[in-house]
Amino acid sequence: MLDVRGLTKAYGDLTVLRDVSFAVRPGEAAAVVGPNGAGKSTLLHCVVGSAEADSGSVRLDGVEVRESDPAVRAAVAAVLDDVDFFPDLSVVEHLDLLAHAHGGGGVDEVLVELGLDGVVDQVPSTLSSGQRRRLALASCLVRPRRLLVLDEPEQRLDAAGRAWLAERLTAEKASGTAVLLATHDVELRHAVADRHVDLGA
C-alpha cells in the first residue's frame, strides 16, 4: 500500500533523511525509530505530503502522494506533531464535522472508547494535554482510513491509555489498515510493529 523509495530531505546544510526506503502492506505496522533529531517527524510529514522531499518518492497504491490529492485525503488519517483543532467547536462538534466531511461515523462510540464522553461540550483549549491527545486520535477514528500515520501517539497517555492504544492499533491492523508510527515506547513497538524503520542506523 505504502512504498517509500530513496527519500532524502535536507534543511540547508543539514541532511535530516538520507536514502530512506521501506514499504508497508495492508494489515501491517511499521515503527519508525531513532534518537531525537533523527528525522522521524520529518519522515512522517513527507509520507503524508505536508513536507516535500528533496529526492526519492512516496507512493500510495502506486500513485505519488500529494497532500492535495482527494484520494490521499480519503485514504490517510494522521496525528502528527502539529495537531490543529477547530478552536470554537466543542469536542463532539469537532468529531461530528470530521465524520461528516469524510463520510465516516461512530462518533458516540469513539467518544466512549477514548474516555471523552464526559467532555463533549468543552472546546479543545479547556482540555488537559492528555484529553487533547485523545481527541487527536479520535479524529482519525471517526473517518474512513486505509493508512494511519501517527507521530508518538502514546505521548501524554497514561498506562491505561497506552494499553488501549496497543489494542486499538492491533485491531486496526486486523481490519486491513496499514499503520506507520514513530514511537519511543518499546512495549508499543513490540505489541504492534511488524517491522522497523531505523533512522539511527
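This is a short chat about the salt bridges, sheet, cavity and pockets of a predicted model.

Biologist: What kind of model is this, and what pLDDT do local features need?
Modeller: The model is predicted; local features need pLDDT of at least 70, side-chain atom pairs count only at pLDDT 80 or more, and totals for chains, interfaces and linings use all residues. Residues are numbered from 1 along each chain as its sequence is written, and side-chain values use heavy atoms, with hydrogens and water left out.

Biologist: How many salt bridges are there?
Modeller: The count is 11. A salt bridge here is a side-chain nitrogen of Lys or Arg within 4 Å of a carboxyl oxygen of Asp or Glu.

Biologist: Which residue does Arg146 bridge to?
Modeller: Arg146 pairs with Asp61, at 2.7 Å from N to O. The two sit in distant parts of the chain, 85 residues apart. Arg146 is in the loop between α5 (129-141) and β7 (147-151), and Asp61 is in the loop between β4 (55-60) and β5 (63-64). Helices (H or I, at least four residues) and strands (E, at least two) are DSSP runs, numbered from the N terminus.

Biologist: Is Asp61 buried or exposed?
Modeller: In between: Asp61 is partly exposed, at 46% relative accessibility. Arg146 is partly exposed too, at 35%. Buried means under 20% relative accessible area, exposed over 50%, and partly exposed in between (1.4 Å probe, protein chains only).

Biologist: And what about Glu172?
Modeller: The side chain of Glu172 meets that of Arg145 in a salt bridge of 2.8 Å, N to O. Glu172 lies in helix α6 (residues 159-174), and Arg145 in the loop between α5 and β7, 27 residues away. Glu172 is buried, with 3% relative accessibility.

Biologist: Which residues share a network with Glu172?
Modeller: Glu113, Arg145 and Arg168 do; salt bridges link them with Glu172.

Biologist: New topic. How many cavities of 30 Å³ or more turn up?
Modeller: One, in a search of the whole structure. The largest cavity has a volume of about 60 Å³. On a 1 Å grid over the protein atoms alone, a cavity is a set of points where a 1.4 Å probe fits but cannot get out; a pocket is an open set with protein on both sides within 12 Å along at least five of seven lines; lining residues have an atom within 4 Å of a point. Points are joined across faces, edges and corners, and a volume is the space filled by probe spheres set on them.

Biologist: What lines the largest cavity?
Modeller: Among the lining residues are Trp164, Arg168 and Glu172. Helix α6 gives the most, with five residues.

Biologist: How big is the largest pocket?
Modeller: About 740 Å³. It has 23 lining residues, and Glu67, Arg73, Val76, Ala78 and Arg143 lie nearest its centre. β6 supplies the largest share of that lining, four residues.

Biologist: And the second largest pocket, what space lies in it?
Modeller: About 260 Å³. Of its 15 lining residues, Ala51, Glu52, Ala53, Glu64 and Val65 are the closest to its centre.

Biologist: Last one. What is the strand order in the open sheet of four strands?
Modeller: The order is β2-β1-β4-β5, with antiparallel pairing. β2 (14-24) and β5 are the edge strands, each pairing on one side only. Strands β1 (residues 2-11) and β2 pair over seven bridges. Two strands pair if DSSP finds at least two bridges between them. Ala10 stands opposite Thr15 in β2.
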